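Hi,

Here is the structure I said I would pass on. Have a look at it first, and my notes follow underneath.

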Amino acid sequence: MLQLLFVGLAALAGLAGGGCRPESPAARLARELKGAIAERAKPTGTVRTFDIEAAPAELPLIEGGKLRVWAYNGRVPGPELRIRLGDTLRVRFTNRLPQPTTIHWHGVRVPNAMDGVPHVTQPPVEPGGSFTYEFTPKDAGTFWFHPHVRSSEQVERGLYGVLIVEDPTPPPYARDVVWVLDDWLLDETRQVFDRFNTPHDLMHDGRWGNFVTVNGRTDTTLAARGGERIRLRLLNASNGRIYAPEFAGLDPQIIAVDGLYLARPIPLGRFELAPGNRLDLDITMPAAPASRSLAVVDQFYAERPNHLADVVIDGTGPRAPSFASPARARVPSWSTGLQIPVTKEFRIDARRGGDYGIEWTFNGVAFAGHEHHGPPMLTLERGGWVRLRFVNDSFRLHPIHLHGTFFRLLARNGVPVDEPFFRDTVLMHSKETIDIGLVPLDAGKWMMHCHILEHAEAGMMMLFEVRG
Ligand code: C2O
Ligand code: CU
């Protein structure tokens, strides 16, 4: 009788495969991640070497005028690094800027020492100095790179580039196109306004510019043929601006968010592309478009739309091969995660003080800068399921970004959310509470911060450690 009762309870609790101890709900959620996200890199032995130099440059980016920028290899966006999953990326980096810098590989699960966080994972690269980054990505997808030193200035001046890790067999899109979205705050001489982290930026949603560019220009056009099936990768490299791109006359399907494929393609709808976020779209060009030229417009603030680019459809191309959407990843639902207690809650707010007069805090703590960082605010065990809660006590926007791990959004204001994808950055709205779930798979000391770079610079940044 007792034995029968035990069997019954064990069945209710769910048994770990083969074991006789009941499996905890958190252990079950952690197990569901198996096979969804690679635990380790599988290097094929191919090494792809790139040389990158950061230096001041003058480029005809906006209205043909000479804009003084800081650039990787003399271009904004910097060079597009395109490798295959399994390739080892080697970047020989040289700093020709008047400031120290580093390269951080946003969204890439790198060995901790390659994460580009000054004073935490490496010394900053001094002017004239160099550093070699070398790692084998574990995931295919759209990633990017940017400095992690004075990012609110260095990224704003033009330092960013895209890293594409292609699938071992890339799906046969007619074309694979990248659009990097950025905005620029220019002064009356049409140069980058050279005061950074102003009280205005800090009290609001960071630095929003007066010119929006796609791939560093204001007149980007995607020339396509009717019937063509194109993969369009979007990246928001802005300091603070959020975009909700709308493709009138087209029907884009989201196939990947922040690099990783979705469980199934979903229509674009309204997607808020916050700083740091990437979005891969699958677009089949209509054979008989309503108009030859279709505008792509940012509708984040419907009353202040921004023209981003145009899609121009000319004639019909050879019929695109029809193939299944690559968005068929295994994404555990984790809907039962909301029954598991919150591992740690972070409250976010601003206050007077700090180097800029206003500082942004996690639980009342402002990050003292990379060089003076204290102990991690959170320690996690590798492989354990974790639920984090962020409570926005402020009226501002905060895209929360974690290094070294993907996570899933579980709830907004306590209402369950079941996005069929992982993220590395999620936008938190004014006064909103969000819950995220994750299983850290990569040991090390990682950063968690707001990707509004002015908020991060003014303290909204912390270290967390993954042990094991
Ligand atoms: Cu793009 Cu620390 O981040
Ligand atoms: Cu913020």
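A question to start with: is Arg 150 buried, partly exposed or exposed? Keep in mind that this is a predicted model. Arg 150 comes out at 43% relative accessibility, so it counts as partly exposed; the buried class stops under 20% and the exposed class begins over 50%. Its backbone is worth a look too: Arg 150 has a positive phi of about 40°, although it is not a glycine. You will find Arg 150 in the loop between β7 (141-146) and α3 (151-154).

There is another residue of that kind further along. Lys 431 is not a glycine either, yet its phi is positive, at about 60°. Lys 431 sits in the loop between β26 and β27 (433-438). With 44% relative accessibility, Lys 431 counts as partly exposed.

One more backbone detail, this time a peptide bond. Going from Val 76 to Pro 77 the bond is cis, with omega near -10°. Pro 77 belongs to the loop between β2 (67-72) and β3 (81-84).

Now the overall picture. The protein chain has 5 helices and 29 strands. For 468 residues, a compact globule would have a radius of gyration near 23 Å, and the chain has 23 Å, so the two agree. The C-alpha trace spans about 85 × 60 × 50 Å along its principal axes. Of the 468 residues, 57% are buried.

Contacts reach a long way along the sequence: taking those between residues at least 6 apart, 76% join residues at least 24 apart. As for the surface, the chain exposes about 18,900 Å², and carbon and sulfur atoms supply 53% of that. There are 51 positive and 53 negative charges, and their mean positions lie 5 Å apart.

The strand I would show you is β23. It covers residues 398-402, and 5 of its 5 residues are buried. Which way do its side chains point? His 398, Ile 400 and Leu 402 point one way, while Pro 399 and His 401 point the other way. That is the pattern to expect, because side chains in a regular strand alternate between the two faces of the sheet. In β23 the residues pointing either way are all buried.

What does β23 pair with? One partner is β26 (residues 425-428), which runs antiparallel to β23 and is joined to it by 4 bridges. Within that pairing, Pro 399 has Leu 427 of β26 as its bridge partner. β28 (residues 444-450) also runs antiparallel to β23, with 3 bridges between them. There, Leu 402 stands opposite Met 448 of β28. β26 turns up twice in these notes, as it also leads into the loop that holds Lys 431.

Last, Arg 389. It lies in strand β22 (residues 386-392), and at 22% relative accessibility it counts as partly exposed, since buried would need a value under 20%. Leaving out residues up to four places away in sequence, Arg 389 touches Val 342, Lys 344, Glu 345 and Phe 346, and also Thr 433, Ile 434 and Asp 435. Pro 326 is another matter: it is 63 residues from Arg 389 along the chain, and their C-alpha atoms are separated by 31 Å.

That is what I have so far.

Cheers

Methods: Residues are numbered from 1 along each chain as its sequence is written. Chains are lettered from A and ligands numbered from 1 in the order in which they are written. This is a predicted model: local features need pLDDT of at least 70, side-chain atom pairs count only at pLDDT 80 or more; totals for chains, interfaces and linings use all residues. Side-chain values use heavy atoms; hydrogens and water are left out. Buried means under 20% relative accessible area, exposed over 50%, partly exposed in between (1.4 Å probe, protein chains only). Helices (H or I, at least four residues) and strands (E, at least two) are DSSP runs, numbered from the N terminus. Two strands pair if DSSP finds at least two bridges between them. The radius of gyration is taken over C-alpha atoms; the globule rule is 2.2 Å times the number of residues to the power 0.38. Contact means heavy atoms within 4.5 Å. Accessible areas come from the Shrake-Rupley method with a 1.4 Å probe; for residues, only the protein chains shown count as cover. Lys and Arg count as positive and Asp and Glu as negative; His and the chain ends are not counted. The place of a charge is taken as NZ of Lys, CZ of Arg, CG of Asp or CD of Glu.
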